[in-house]
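Open the model in your viewer and keep the sequence panel beside it. The stops below say what to select next and what is to be found there.

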Amino acid sequence: MTEDKSKSIDLPALDWIDGTIPFSPRFADTYYSKAGGLAEAEYVFIAGNGLPARWPAVPECTIAELGFGTGLNFLATMRHWRDLAPPGATLRYVSFEHLPLSPADMAKALSRWPELADVANRLASLWRPEFEILQVAFADKVELIVFMGDANIRLPQLELKADAWYLDGFAPSRNPELWSATLMAEVFAHTGPGGTFATYTAAGQVRRDLRAAGFVVERRPGFAGKREMLAGKRPA
Ligand SMILES: C[S@@+](CC[C@H](N)C(=O)[O-])C[C@H]1O[C@@H](n2cnc3c(N)ncnc32)[C@H](O)[C@@H]1O
């Protein structure tokens, strides 16, 4: 686990729905779907990027995410990657988070899923909101790097070329800075040829901005009765 330098931070205040679903009063939104956060991660982000079909054939995969939040998407991804990737393959998961949760809130938010308990406890025990960069190696060649800061500032500074993007800010109407046209263009610029994105939202402005950035964008049926979500590809 490494850091470049520590900073002083204000941890985000949370409310809890049904005792375990984290809700941000600041953004007036939940961190994941009330209909099931793990199932949403699997449907929207993992399947939405076509990863189960891609993984068995790749020696390495880089996934990038806007909004690390509770780490649920990461843990769900690591779980399926371990089942599907060839032996010895490497997963690099790069995420951005400007309001990191406390380790205790993270552990509480992940406690709904006993099947993730081992990795969730390890993540929460290593989680350091005060770091500028958190880099953790998990078993089976899984590497997590979280940039603790505004993605609008951190992403343009990186060399990254992701194979798949998870666009997971709070609702675009409440968290517009994580969905701006400029940031969507940065996402495109940091996607390798043939790389993909997926997101739970189907907001028209986000769709137009991703298309204008260069992605081929599709509308698909959304998770748990939501009419639509978006997925797309950078042409090879
Ligand atoms: C819907 S939650 C993400 C849920 C997360 N993917 C998970 O698996 O739990 C959105 C996250 O985006 C973060 N966020 C919002 N604006 C941001 C920004 N400008 N830069 C980085 N992170 C941001 C929020 O603090 C929040 O943690």
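**A loop to begin with**

Select D18, which is found in the loop between strand 1 and strand 2, where helices (H or I, at least four residues) and strands (E, at least two) are DSSP runs numbered from the N terminus. Residues are numbered from 1 along each chain as its sequence is written. This is a predicted model, in which local features need pLDDT of at least 70 and side-chain atom pairs count only at pLDDT 80 or more, while totals for chains, interfaces and linings use all residues.

D18 has a positive phi of about 55 degrees although it is not a glycine. Most residues other than glycine have a negative phi. D18 counts as exposed because it has 7 C-beta neighbours inside 10 Å; on this scale a residue is buried if 20 or more other C-beta atoms lie within 10 Å of its own, exposed if 12 or fewer, and partly exposed in between, with C-beta atoms placed from the backbone.

**The sheet of three strands**

Now widen the selection to the strands on either side of that loop. Strand 1 and strand 2 (residues 21-24) pair in the antiparallel sense over three bridges, pairing being assigned if DSSP finds at least two bridges between two strands. Within this pair, W16 stands opposite P22 in strand 2. The strands belong to an open sheet of three with the order 1-2-3 and antiparallel pairing, and its edge strands, each pairing on one side only, are strand 1 (15-17) and strand 3 (29-30).

**The sheet of eight strands**

Next, colour the other sheet, an open one in which eight strands follow the order 6-7-5-4-8-9-11-10 with mixed pairing. Its edge strands are strand 6 (133-138) and strand 10, each of which pairs on one side only. Neighbouring strands of this sheet are turned by 15 degrees against each other on average, direction ignored; the axes are lines fitted to C-alpha atoms, for helices over the stretch in contact, and angles run from 0 to 180 degrees between N-to-C directions.

Start at the edge formed by strand 6, which six bridges join to strand 7 (residues 142-147), the two running antiparallel. The bridge partner of F138 in strand 7 is V142. Three residues lie between the strands of this hairpin, and D140 takes a positive phi near 65 degrees. K141, placed in the loop between strand 6 and strand 7, has a positive phi as well, near 55 degrees, in a residue other than glycine. With 16 C-beta neighbours inside 10 Å, K141 counts as partly exposed.

Moving into strand 7, select I145, which is partly exposed, with 18 other C-beta atoms within 10 Å. The C-alpha atoms of I145 and F96 are separated by 8.6 Å, although these residues are 49 residues apart along the chain.

At the opposite end of the strand order, six bridges join strand 10 (residues 216-221) to strand 11 (residues 228-233), and these strands run antiparallel. They form a hairpin with six residues between them, and A224 in the turn has a positive phi of about 50 degrees. K233 of strand 11 is a useful residue to select, since V216 has K233 as its bridge partner, and T196 has K233 as its bridge partner too. Strand 9 (residues 191-199) pairs with strand 11 in the antiparallel sense over four bridges.

**The ligand and helix 3**

Show the ligand and the 22 residues that surround it, the closest of which are G67, G69, T70, L72 and N73; a residue is near a molecule if its C-beta atom, placed from the backbone, lies within 6 Å of it. Helix 3 (72-84) and helix 6 (151-154) are the elements that give two or more residues to this shell.

Follow helix 3 along its 13 residues, which reach 18 Å from the first C-alpha to the last, close to the 18 Å expected at 1.5 Å a residue, a span taken as 1.5 Å times one less than the number of residues. Buried positions in helix 3 include L72, N73, F74 and W81.

**The whole chain**

Finally, zoom out to the complete chain, whose secondary structure comes to eight helices and eleven strands. Its C-alpha trace spans about 40 × 40 × 35 Å along the principal axes, and buried residues make up 42% of the 236 residues.
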